Amino acid sequence: MFDLKKYRKKSPWILHYNAGSCNGCDIEILASLAPKYDLERFGVINTGNPKQSDIFLVTGPVTYRSRERLVELYTQMPEPKVVIAVGSCSCTGGVFRDMVNVEDGVDRYIPVDVYVAGCATSPELIIDGVVKALEILEQKTKEMEKPLKLFREATLENSIVNRRHTALKVGEKDEEN
Ligand code: SF4
């Protein structure tokens, strides 16, 4: 049977969101996708749909107005997913940190897997970050695909089968035994 998950690493779709940047890092993302740097050679496609995206590229500090949309987009992306904070503002708030209406770096609101520094950052660093994100995406995919097993025998309580069986992923700790 054709297993789509197997090919996720070879055709990751990205979602790009500007949470409040000056556009400097956004231009670098576009440059990394353009023919000179050609991030598409890794199978990457920039999509505008969070429901079809594997990698979330976020630029800029999180602002008071963008924070809800940031979390909403992240929530709409299917698992497994990887978040890349692109540029110093996205990593820490950068030059906008502590300014009015600026909240913080992206990891204050959603978990970040890869931090790409620089103001502005560069296509080379973004490509490095995406390659790192692909490794993390593969690890997360494997983690999700670990087989489930029932680890307790069925037991009888007052002649009734105790159905408190819990499915654990292989390697997870059995709290009761
Ligand atoms: S890191 Fe620099 S270039 Fe990038 S969004 Fe912030 S101020 Fe702009």
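# Reading the labels on a predicted model

Tutor: P80 sits in the loop that links α2 to β5. Keep in mind that this is a predicted model. The peptide bond from E79 to P80 is cis, with omega near -5 degrees.

Student: Which other peptide bond is cis?

Tutor: The one from C119 to A120, where omega is near -15 degrees. A120 belongs to the loop between β7 (114–116) and α4.

Student: What makes a cis bond worth pointing out?

Tutor: Most peptide bonds are trans.

Student: K81 is in that α2–β5 loop too. Why is K81 called buried?

Tutor: Count the neighbours: K81 has 22 other C-beta atoms within 10 Å. Buried needs 20 or more, so K81 makes the cut with its 22. And yes, its place is the loop between α2 (67–76) and β5 (82–86).

Student: What does K81 touch, leaving out residues up to four places away in sequence?

Tutor: D54 and F56. There's also a long-range pairing with T141: the two are 60 residues apart along the chain, while their C-alpha atoms are separated by 8.8 Å.

Student: How do you know that Y17 is buried?

Tutor: Run the count again. Y17 has 21 other C-beta atoms within 10 Å, and the bar is 20 or more, so Y17 is buried. Y17 lies in strand β1 (residues 13–18). Leaving aside residues up to four places away in sequence, Y17 is in contact with F56, V58, L70 and L73. Y17 and R69 are 52 residues apart in sequence, with 9.5 Å between their C-alpha atoms.

Student: Why does Q76 count as partly exposed?

Tutor: Q76 has 14 C-beta neighbours inside 10 Å. Exposed stops at 12 or fewer and buried starts at 20, so a count of 14 puts Q76 in between, as partly exposed. Q76 is part of helix α2. Its contacts, not counting residues up to four places away in sequence, are P50 and K51. S53 is 23 residues from Q76 in sequence and 9.2 Å away, C-alpha to C-alpha.

Student: What makes D98 exposed?

Tutor: D98 has 8 C-beta neighbours inside 10 Å. The limit for exposed is 12 or fewer, so D98 qualifies with 8. The loop between α3 and β6 (102–104) holds D98.

Student: And how do you know that N101 is exposed?

Tutor: By the count again: N101 has 11 C-beta neighbours inside 10 Å. With 12 or fewer as the limit, N101 counts as exposed. N101 is also found in the loop between α3 and β6.

Student: What is phi for D98 and for N101?

Tutor: For D98, phi is near 70 degrees, a positive value in a non-glycine residue. N101, not a glycine either, has a positive phi of about 70 degrees. As background, most residues other than glycine have a negative phi.

Student: Over to the helices. Why are α1 and α4 called roughly perpendicular?

Tutor: Their axes cross at roughly 75 degrees and come within 8 Å. The label covers 65 to 115 degrees, so α1 and α4 are roughly perpendicular to each other. By class, their contact has five nonpolar residues, one polar and one charged.

Student: Which residues meet there?

Tutor: From α1, E28, I29, A31 and S32; from α4, P123, I126 and I127.

Student: Which helices each supply at least two residues of the ligand shell?

Tutor: α1 (24–33) and α3 (88–92). The shell has 13 residues, and the ones that come nearest are S21, G24, C89, C119 and A120. By class it contains six nonpolar, seven polar and no charged residues.

Student: What about the fold as a whole: how many helices and strands?

Tutor: Four helices and 11 strands. Of the 177 residues, 31% count as buried. Among contacts with a separation of 6 or more, 76% come from residues 24 or more positions apart.

Student: Where is confidence lowest, and where is it highest?

Tutor: Lowest in strand β11 (residues 167–169), at a mean of 51, and highest in strand β3 (residues 55–59), at 97. The protein averages a pLDDT of 85, and 79% of the residues score at least 70. Where pLDDT is low, the predicted coordinates should not be read in detail.

Definitions and conventions
Residues numbered from 1 in each chain as written. Predicted model: local features only at pLDDT ≥ 70, side-chain atom pairs only at ≥ 80, totals over all residues. Near = placed C-beta within 6 Å. Nonpolar A, V, L, I, M, F, W, Y, C, P; charged D, E, K, R; others polar. Contact = placed C-beta atoms within 7 Å. Axes fitted to C-alpha atoms, helices over the stretch in contact; angles between N-to-C directions. Parallel < 35°, antiparallel > 145°, perpendicular 65-115°, else oblique. pLDDT = per-residue confidence, 0-100.
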